[in-house]
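Work through the exercises below with the coordinates open. Each task is followed by a stepwise solution.

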Amino acid sequence: MTLEPLTPELAARIVARDEQAGDDWHPDYPFEDELVPLRMLAAQDDADPVFTLYAIRDDSGLAVGGFGFFGPPDDSGTVEFGYGLIAAARGKGLATDAVAEGLRIAASHGATRAIADTDLDNHASIRVLEKSGLIETHRSADKVFFAQHL
């Protein structure tokens, strides 16, 4: 598994499904939930090259999902992230690997804490965050919130 940082230009091509030689996108990539952040990145003139969106590529090099930061670390050093995989790529450890790599990237670029949340009924995502070393901090009516010091 690798994380490939996305530029605004590449994000625009992904949204437009303008696949070119070497892009290697799974036919189901991107999934619906990824389109809004991809469109936001595509509209940026000077996107952060580190705290950006990344394509998750499986061991064959196929893009099967996304990992993304919601911006650079705040004044306390906290960075928020999210991730997702197409259905065909789930259950293979790719999300856990992507979170681990994303946390490594964040820590190596100055973040000291990472946070994420997931739906209360998304048991697979809860397991990914727990296996990645994040600790549940609280719950709302429909979300579970996690954090980890890096």
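**Exercise 1. Helix crossing**

Is the crossing of α1 and α2 left-handed or right-handed? Classify the angle as well.

*Solution.* Note that this is a predicted model.
- Step 1: Locate the helices. α1 covers residues 8-16, and α2 covers 35-42.
- Step 2: Take the axes. Those of α1 and α2 come within 7 Å and cross at roughly 135°.
- Step 3: Classify. Angles over 145 degrees would count as roughly antiparallel, and 65 to 115 as roughly perpendicular. α1 and α2 are therefore oblique to each other.
- Step 4: Assign the hand. The crossing of α1 and α2 is left-handed.

**Exercise 2. Backbone outliers**

Find the unusual backbone geometry in the loop between α1 and α2.

*Solution.*
- Step 1: Recall the norm. Most residues other than glycine have a negative phi, and most peptide bonds are trans.
- Step 2: Check phi. R17 is not a glycine, yet its phi is positive, about 60°. R17 sits in the loop between α1 and α2.
- Step 3: Check omega. Y29 and P30 are joined by a cis peptide bond, with omega about -5°. P30 also belongs to the loop between α1 and α2.

**Exercise 3. Sheet topology**

Derive the strand order and describe the pairing around β7.

*Solution.*
- Step 1: Write the order. Seven strands make an open sheet, β1-β2-β3-β4-β5-β7-β6, with mixed pairing.
- Step 2: Mark the edges. β1 (2-5) and β6 (135-139) each pair on one side only.
- Step 3: Add the twist. Neighbouring strands are turned by 30° against each other on average, direction ignored.
- Step 4: Take one side of β7. β5 (residues 113-119) and β7 (residues 143-149) run antiparallel, joined by seven bridges. D119 has K143 in β7 as its bridge partner.
- Step 5: Take the pairing with β6. β6 and β7 are antiparallel over four bridges. H138 stands opposite F145 in β7. Three residues separate β6 and β7, which form a hairpin.

**Exercise 4. Largest pocket**

How many residues line the largest pocket, and which lie nearest its centre?

*Solution.*
- Step 1: Get the volume. The largest pocket holds about 1,200 Å³ of space.
- Step 2: Count the lining. It has 45 residues; F31, G66, G82, Y83 and G84 lie nearest the centre.
- Step 3: Map the elements. Those giving two or more residues to the lining include β3 (63-69), β4 (78-85) and α3 (94-108).
- Step 4: Sort by type. The lining divides into 22 nonpolar, 13 polar and 10 charged residues.

Methods
Residues numbered from 1 in each chain as written. Predicted model: local features only at pLDDT ≥ 70, side-chain atom pairs only at ≥ 80, totals over all residues. Heavy atoms only, no water. Pairing = 2+ DSSP bridges. Axes fitted to C-alpha atoms, helices over the stretch in contact; angles between N-to-C directions. 1 Å grid on protein atoms, 1.4 Å probe; cavity = no way out; pocket = protein on both sides within 12 Å on 5 of 7 lines; lining within 4 Å. Points joined across faces, edges and corners; volume = space filled by probe spheres on them. Nonpolar A, V, L, I, M, F, W, Y, C, P; charged D, E, K, R; others polar. Parallel < 35°, antiparallel > 145°, perpendicular 65-115°, else oblique. Left-handed = near helix turned anticlockwise from the far one by under 90°.
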